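Visitor: Please choose one part of this model and take me through it slowly, starting from that part and then moving on to whatever surrounds it. I would like to know which cut-offs stand behind each term as you use it.

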Amino acid sequence: MMDPELSVLLHCADWRGLMESQIQVELSERFNRQTDPALERHIEELWTERISKEPWIFNGAKFRLHSFCLTSPKHPSCSESLHVPPLNCEEEEGGLNSRKTAEGLCTRDSLHPQNHLDQRNKFASQVENASCTPAPSSSTCGCKEEGVTASPSSKTTNNKDSENLLTLRLGLTSYKDYLGTNWSCQVEELRRRGEVEFGDPQALLAQPLGVGAVLCTDDGQVVLIRRSQRVAEAGGLLDIPGGHPEPKVVCERFGEVVSEEQINVEMLRPRSEAVVSELFSSICAEIRDEVNVPLTSLGEPVLMGIALNHTSAGRPSAEFYVSCSLTSDEVRKLYWKGGAEAHESTDIVFLSKNSSGVPSWRILISLLTLHISHLVLAPRPGL
């Protein structure tokens with residue numbers, strides 16, 4: 001049974017995952033969180049207390065996922081916020097197949113095999129029909145530019161990979177705001193206020209968009225790492241490699257030297273293709289830094305879906321499948337040599353996937369929850 005604190009907001013099984021060229025972003029200050037002076041004081045107080053205990057953590061700009069627009073093969077649909085209730089899906093032999101709805105969008109709460117709706121989300125706004133205008137294809141993935149081998153399908157220009165199927169509506173937030181809202185002891189009050197004042201229980205929350213990778217080695221093993229006790233969240237628990245796409249990296253790619261506090265939506269709006277590139281390349285960078293696997297050994301990331309972590313008030317994370325040309329033994333040796341972020345974990349563990357080569361989508365949808373649930377395991381020495 002999966003962690004009951006997780007739900008799957010979006011899965012991309014109908015397309016067997018989405019490539020970078022199939023995704024675009026819409027950036028706007030309208031997608032930032034709502035606030036007031038009292039909330040800002042509360043956030044500042046919590047941050048001051050936190051860094052006094054953990055001086056190694058730092059604040060930084062993050063992308064805030066407000067909502068998304070998914071164009072199915074037949075219908076376009078949009079979510080008006082991240083609390084869209086999951087629709088029922090049917091599992092048939094040979095994989096996970098979505099039941100076609102009038103809206104053409106099927107988000108599945110994979111935690112409930114009976115397909116019951118997540119009670120936290122039932123009061124939310126419904127999925128609405130909307131027209132989604134495809135934009136020109138995104139630029140090539142930043143990790144490809146650094147030598148990552150792309151799959152043959154990613155180079156095709158006349159098939160489905162040249163279509164924009166998913167639009168992510170992004171604002172900006174920060175890590176400080178995340179700890180001061182999503183992780184605040186007042187989070188339930190903030191959710192109540194958001195629902196009453198803005199019709200959205202997440203309106204006052206930071207909701208930074210994370211990334212996670214189901215990293216599969218050449219000999220069919222999924223890579224897990226045990227998080228250090230020095231990290232701000234889920235210390236000592238198992239996780240898959242992950243982190244955040246960084247707005248600052250997007251600015252730096254254009255030669256701009258800015259502080260985290262100077263980054264704003266208007267600065268990023270003309271660079272939406274670079275934002276998509278950062279979304280995909282950031283997960284490769286996280287694998288490199290956390291597991292010490294070189295970028296040249298990684299396949300092109302495939303977006304599997306978006307999951308919500310209800311232990312942090314529904315915080316979203318984009319989950320990817322990434323293949324690795326190295327064996328588990330080779331990955332293990334590289335890990336113990338230490339990467340740039342070796343301090344963030346203390347051990348590496350391998351989980352065998354199915355023996356057919358590429359994991360089925362049923363398995364992948366389950367594996368993406370590892371990034372959110374951290375397996376809910378207490379630390380076990382020697383695992």
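Guide: What follows starts from one helix and works outward to its contacts, its neighbouring loops and the rest of the chain.

The model is predicted, so to speak of a local feature requires a pLDDT of at least 70 and to count a side-chain atom pair requires pLDDT 80 or more, whereas totals for chains, interfaces and linings use all residues. Residues are numbered from 1 along each chain as its sequence is written, and side-chain values use heavy atoms, with hydrogens and water left out.

The helix is α7, residues 272-291, where helices (H or I, at least four residues) and strands (E, at least two) are DSSP runs numbered from the N terminus. One of its residues, glutamate 278, meets arginine 253 in a salt bridge, with 3.4 Å from N to O; the term requires a side-chain nitrogen of Lys or Arg within 4 Å of a carboxyl oxygen of Asp or Glu. Because arginine 253 belongs to helix α5 (residues 247-253) and glutamate 278 to α7, the pair ties together parts that are 25 residues apart in sequence. Glutamate 278 is buried at a relative accessible area of 4%, while arginine 253, at 38%, is partly exposed; buried means under 20% relative accessible area, exposed means over 50%, and partly exposed lies in between, with a 1.4 Å probe and protein chains only.

The helix also takes part in the nonpolar interior. The largest nonpolar core has 55 residues, and those with the most contacts inside it are Leu166, Leu168, Leu170, Leu298, Leu303, Phe320 and Val331. Of this core, the largest share, 9 residues, comes from α7. A second, separate core of 9 residues includes Cys216, Leu224, Leu238 and Ile240. Such a core is a set of buried Ala, Val, Leu, Ile, Met, Phe, Trp, Tyr and Cys residues joined through side-chain atoms within 4.5 Å.

The second largest cavity also involves the helix, since α7 and β8 (166-174) each supply at least two residues of its lining. That lining consists of Val25, Phe63, Leu168, Leu170, Leu209, Pro245, Val275 and Leu279, and by class it has 8 nonpolar, no polar and no charged residues; here Ala, Val, Leu, Ile, Met, Phe, Trp, Tyr, Cys and Pro count as nonpolar, Asp, Glu, Lys and Arg as charged, and the others, Gly among them, as polar. The volume of the second largest cavity is about 50 Å³, and the structure holds 5 cavities of 30 Å³ or more. A cavity is a set of points on a 1 Å grid over the protein atoms alone where a 1.4 Å probe fits but cannot get out, and lining residues have an atom within 4 Å of a point; grid points are joined across faces, edges and corners, and a volume is the space filled by probe spheres set on the points.

Beyond the helix, asparagine 292 lies in the loop between α7 and β13 (302-309), and has a positive phi of about 70° although it is not a glycine. Its C-alpha atom is separated by 7.7 Å from that of lysine 337, 45 residues apart along the chain. Lysine 337 is in helix α8 (residues 328-337) and is exposed at 67% relative accessibility. Alanine 313, in the loop between β13 and β14 (315-323), has a positive phi as well, of about 60°, and counts as buried at 8%.

For the wider setting, the salt-bridge count comes to 16. Glutamate 44 and lysine 176 form one such bridge at 2.9 Å, N to O. This pair links distant parts of the chain, with glutamate 44 in helix α1 (residues 37-53) and lysine 176 in helix α3 (residues 175-181), 132 residues apart. Glu26, Arg30 and Arg169 are linked in a network of salt bridges.

Finally, a search of the whole structure finds 0 disulfides, a disulfide being a pair of cysteine sulfur atoms within 2.5 Å. Cysteine 324, buried at 5%, has its closest cysteine sulfur in cysteine 216, and the 9.5 Å between the two sulfurs is too far for a bond.

Methods:
1 Å grid on protein atoms, 1.4 Å probe; cavity = no way out; pocket = protein on both sides within 12 Å on 5 of 7 lines; lining within 4 Å.
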